[in-house]
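Q: Could you take me through one part of this model in some detail? I'd like a close look at the sheet and the pocket, with the residues around them.

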Amino acid sequence: MNLLLVETKLPSGQTLQLIKGDITVEKTDAIVNAANEVLYHGAGVAAAILHRGGSSIEEESDAWVKLHGPIKYNAPAWTSGGNLACRFVIHAVGPVWDGTQEENSAVQKEAELAEAVKGSLQVADRLGLASIAFPAISTGIFGFPEERAAGVFYRSIREYFGGPSGLKLVRLVLFQAS
C-alpha cells in the first residue's frame with residue numbers, strides 16, 4: 001500500500017502529492033514510465049510496469065517505436081495501462097547523468113529532464129486525463145542526482161500549471177519495495 005508523505009495545493013489549483021510506494025499500483029488515470037528512447041522494458045520502473053501490466057504494454061511500445069521512431073525528451077509515447085489500475089502509461093525519456101558534467105552540461109541535463117516532465121503533462125492533457133503519477137525519472141540507473149531532480153520536477157510542474165490544464169492531481173511516487 002502506498003503512503004502519502006506530503007500534499008500541497010498549487011497556486012493554480014492542482015494538488016501535488018509526494019507518495020512512498022510502488023507506482024505500478026497507483027490508481028491515477030496515467031502513470032509515467034521512466035523509459036529509454038526505444039521503449040525497451042528491461043530494468044527498473046519499466047520492467048516493473050511490464051511485469052505487472054502485462055505483455056500488451058510491450059507490444060504497444062514496440063508498435064509506437066516502429067511507427068514514430070525513438071522517443072524524445074519533449075515528446076513522450078503512451079500506451080494503454082494493460083493490466084494496471086491506470087488507463088494509460090506515458091513513456092518519458094529522461095537524461096543520463098554520468099557524474100562528470102560540467103555546470104553548463106548539468107544545466108542542459110536539467111533542461112532535458114524538465115522537457116520530459118512537461119511533455120508527460122502535455123500528453124496527459126491531450127488525453128483528457130485528470131490525474132497522473134510520476135516516478136523519479138532519471139534518478140535510478142540513469143544516475144541523475146535525486147535532490148537536483150526533485151528541484152527540476154517541482155519547478156517544471158509549477159511552470160506547466162501556469163497555463164490551462166485539465167489535470168487536477170499530480171503524484172510523485174518514490175519507490176519503496178514492499
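A: Here is a walk through the sheet, then the helices, then the pocket and a few single residues.

Bear in mind that this is a predicted model. The sheet is open and has seven strands, and going across you meet them in the order S1-S2-S7-S6-S3-S5-S4, with mixed pairing. S1 and S4 (77-80) sit at the edges, each of them pairing on one side only. From one strand to the next, the twist averages 25°.

Let's start at the S1 end. S1 covers residues 3-9 and S2 covers residues 15-21, and the two pair in the antiparallel sense over six bridges. Lys9 is a handy landmark here, as Lys9 stands opposite Thr15 in S2. The hairpin of S1 and S2 has five residues between the strands, and within that hairpin Gly13 takes a positive phi near 105°.

Now step across to the next neighbour in the order. S2 pairs with S7 (residues 169-175) in the parallel sense, over seven bridges. Thr15 turns up again on this side, with Leu169 as its bridge partner in S7. So far, then, S2 has an antiparallel pairing with S1 and a parallel one with S7.

On to the helices that meet the sheet. H1 (residues 44-53) packs on it and touches both S3 (30-35) and S5 (88-93), and the direction of H1 makes about 130° with that of S3. H2, residues 55-68, lies across S4 and S5 and runs at about 145° to S4.

In the loop between S3 and H1 you'll find Leu39. Its phi is near 55°, which is a positive value in a residue other than glycine. Is Leu39 buried or exposed? Leu39 counts as buried because its relative accessibility is 2%, and the cut-off for buried is under 20%.

Next, the largest pocket. The space in it comes to about 930 Å³. Its lining has 41 residues, and the closest to the centre are Pro135, Ala136, Ile137, Thr139 and Val173. Several elements chip in: S1, S2, S3, H1, S5, H4 (146-160) and S7 each supply at least two lining residues. Which of them gives the most? That's H4, with six residues. By type, the lining of the largest pocket splits into 27 nonpolar, eleven polar and three charged residues.

Ser138 deserves a stop of its own. Ser138 lies in the loop between S6 (131-134) and H4. Like Leu39, which has a positive phi though not a glycine, Ser138 has a positive phi, near 75°. Ser138 has a relative accessible area of 5%, so it is buried. What does Ser138 touch? Leaving out residues up to four places away in sequence, Ser138 touches Gly94, Pro95, Leu113, Gly143 and Phe144.

Last, a look at the helix that follows that loop. Ala150 has its place in H4. With a relative accessibility of 46%, Ala150 counts as partly exposed, because that category runs between the 20% limit for buried and the 50% limit for exposed. Ala150 and Met1 are 149 residues apart in sequence, and from C-alpha to C-alpha they are 23 Å apart in space.

Terms used
Residues are numbered from 1 along each chain as its sequence is written. This is a predicted model: local features need pLDDT of at least 70, side-chain atom pairs count only at pLDDT 80 or more; totals for chains, interfaces and linings use all residues. Side-chain values use heavy atoms; hydrogens and water are left out. Two strands pair if DSSP finds at least two bridges between them. Helices (H or I, at least four residues) and strands (E, at least two) are DSSP runs, numbered from the N terminus. Axes are lines fitted to C-alpha atoms, for helices over the stretch in contact, and angles run from 0 to 180 degrees between N-to-C directions. Contact means heavy atoms within 4.5 Å. On a 1 Å grid over the protein atoms alone, a cavity is a set of points where a 1.4 Å probe fits but cannot get out, and a pocket is an open set with protein on both sides within 12 Å along at least five of seven lines; lining residues have an atom within 4 Å of a point. Grid points are joined across faces, edges and corners, and a volume is the space filled by probe spheres set on the points. Ala, Val, Leu, Ile, Met, Phe, Trp, Tyr, Cys and Pro count as nonpolar, Asp, Glu, Lys and Arg as charged, and the others, Gly among them, as polar. Buried means under 20% relative accessible area, exposed over 50%, partly exposed in between (1.4 Å probe, protein chains only).
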